[in-house]
Amino acid sequence: MTALAPPAASAAARPDTVRQGLNALVHTDGLPAALASVKDRDGRTRTYTAGVGDVATGSKVPTDGQVRIGSNTKTFTAVVVLQLVGEGKIGLDATVDTYLPGLVRGEGIDGRHITVRQLLQHTSGLPEYEDLVSDDILQHRYFDPRDLLDIALQHKADFAPGTKWAYSSTNYVVAGLIIQKVTGRPLAEEIEQRIIKRIGLRHTYFPAPGDMTIREPHPKGYHRASTGTPLRDFTEIDPSAGWAAGQMISTNSDLNQFFTALLAGRLLPAAQLTQMRTTVPIGDTGAGYGLGLMSRPLSCGGVYWGHGGDITGYETRGGVTDDGRAANVAVTSIPTDAAATKHVESVVDTALCR
């Protein structure tokens, strides 16, 4: 009888498709660095790096280094809103004006007709402020949340509330202001107490006003204006233009821990988690958007739940499955073409489908 090779030996013999995918992001797509953290069904975690942490010195990419997580921040903000819903302090179908009377007004924009649910699900019609803040201004300027709202409200509504879906970070600025009004505390403090400390995220934080640095070992983040132009170091930026929609810093492993805890019901009561997972379609992509949470189809069947984020210098993609798999990938420049972003997402798919 032939003895079966031990599992470790057969695994070692197979090429590591996640490593191959990260190497391709660096060598084919031209991204300075790529990092990943992957947790399998048995709870085993593998971390990966490719590329260089600093293009000037060629230094190594720190294993599971900290990165700016951009719009993954939206999921943290949505969790706090939904915890407050569970506590009876916010109504999902209450209007913005219930909490911020008279604040949200503009052409075709009226906070008396926009609900909290529509903010979290991007069905409010509020115009996007981010397109109106250039990268160079974003890098150095401090924005108060009201400044961000003022920028958005100079433009007319994209559509009537509840009639369509369109991604707009303005929704989450308003959600953050509601959190502060209801709790009487800074948003950063609420996220810290209600999520970061509660589930023990050791490498995740909401930078303080004026803090342009990344605290722990990290790969440098770069910006390329368009394909073929030189990389510029954008590691240190004032992240306040992201605020409730995009200010936070974390690691791939901490993001896996966060989304795993969220889906396992450790952060929200069952009723609010169900609301969060109730999605509207994102065009014909097969993906859906819930309340600060996205579902994406997997090539091996089923879906994974997560968010993703882009902030100048870094892009992150990832999520978790209902059976406990988790994967998150970060790259150190926002790709200048859609194909490269699809390649980042395909590494997540590869990691979750192995």
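His27 lies in helix H2, which covers residues 17-27. In this predicted model, His27 is exposed, with a relative accessible area of 66%. The C-alpha atoms of His27 and Ile249 are separated by 26 Å, and the two residues are 222 apart along the chain.

Thr77 is found in helix H3. At 0% relative accessibility, Thr77 counts as buried, since the cut-off for buried is under 20% relative accessible area. Leaving aside neighbours within four places in sequence, Thr77 is in contact with Tyr172, Ala175, Gly176, Ile179, Leu187, Ile191 and Ala244. The C-alpha atoms of Thr77 and Val173 are 9.4 Å apart, with the two positions 96 residues apart along the chain counted as their separation.

Among the residues touched by Thr77 are Tyr172, Ala175, Gly176 and Ile179, and these four also appear in the list of buried residues of helix H8. That list further includes Thr170, Asn171, Val173, Val174, Leu177 and Ile178. H8 is mostly covered, as ten of its 14 residues are buried. From its first C-alpha to its last, H8 reaches 20 Å, close to the 20 Å expected at 1.5 Å a residue. Just after H8, Gly184 takes a positive phi of about 70 degrees.

Two residues that are not glycines also have a positive phi. For Asp64 the value is about 55 degrees, and the residue sits in the loop between strand S2 (45-51) and strand S3 (67-68). For Trp243 the value is about 35 degrees. Trp243 belongs to helix H10, residues 243-246, and is buried, with a relative accessible area of 8%.

The next topic is the aromatic side chains. A pair of aromatic rings is described by the distance of the centres and the angle of the planes. The structure holds five aromatic pairs. In one of them, the rings of Phe76 and Phe258 have their centres 3.8 Å apart and their planes at 10 degrees, so the pair is stacked. This pair links distant parts of the chain: Phe76 is in helix H3 (residues 73-86) and Phe258 in helix H11 (residues 252-263), 182 residues apart. Phe76 is buried, at a relative accessible area of 0%, and Phe258 is buried with a relative accessible area of 0%. Phe76, Phe258 and Phe259 form one aromatic cluster.

The rings of Tyr167 and Tyr289 have their centres 6.3 Å apart and their planes at 75 degrees, so this pair is edge-to-face. Tyr167 is in the loop between helix H7 (145-153) and helix H8 (170-183), while Tyr289 is in strand S10 (residues 288-289), 122 residues apart. Tyr167 is partly exposed, with a relative accessible area of 30%, whereas Tyr289 counts as buried at 0% relative accessibility.

The two pairs are set out below.

| Pair | Centre distance | Plane angle | Class |
|---|---|---|---|
| Phe76 and Phe258 | 3.8 Å | 10 degrees | stacked |
| Tyr167 and Tyr289 | 6.3 Å | 75 degrees | edge-to-face |

A charged group is also placed over a ring: Arg215 lies over the face of Tyr205, at 3.7 Å from the ring centre.

In soluble globular proteins, nonpolar side chains tend to be buried together. Here the largest nonpolar core has 82 residues, and those with the most contacts inside it are Phe258, Leu262 and Met276. Helix H3 gives the largest share of this core, eight residues. Not counting residues up to four places away in sequence, Met276 touches Thr75, Ala78, Val79, Leu82, Leu262, Leu268, Gly290, Leu291, Gly292 and Leu293. Another core lies apart from the largest one and has 20 residues, among them Leu22, Leu25, Ala34 and Ala351.

Ser333 is found in the loop between strand S15 (326-331) and helix H13 (338-353). Is Ser333 buried or exposed? Ser333 is buried, with a relative accessible area of 3%. A polar atom of the Ser333 side chain lies 3.1 Å from the backbone oxygen of Tyr222. Outside the four nearest places in sequence, Ser333 is in contact with Leu31, Pro32, Tyr222, His223, Arg224, Leu231, Gly313, Tyr314 and Glu315.

Definitions and conventions. Residues are numbered from 1 along each chain as its sequence is written. This is a predicted model: local features need pLDDT of at least 70, side-chain atom pairs count only at pLDDT 80 or more; totals for chains, interfaces and linings use all residues. Side-chain values use heavy atoms; hydrogens and water are left out. Rings of Phe, Tyr and Trp (its six-membered ring) pair if their centres lie within 6.5 Å; planes under 30 degrees apart count as stacked, over 60 as edge-to-face and the rest as tilted. Buried means under 20% relative accessible area, exposed over 50%, partly exposed in between (1.4 Å probe, protein chains only). A charge sits over a ring if NZ of Lys or CZ of Arg is within 6 Å of the ring centre and within 35 degrees of the ring normal. A nonpolar core is a set of buried Ala, Val, Leu, Ile, Met, Phe, Trp, Tyr and Cys residues joined through side-chain atoms within 4.5 Å. Contact means heavy atoms within 4.5 Å. A polar contact is a pair of N or O atoms within 3.5 Å; within protein, one must be able to donate a hydrogen and the other to accept it, and residues adjacent in sequence count only if both atoms are side-chain atoms. The expected span of a helix is 1.5 Å times one less than its number of residues.
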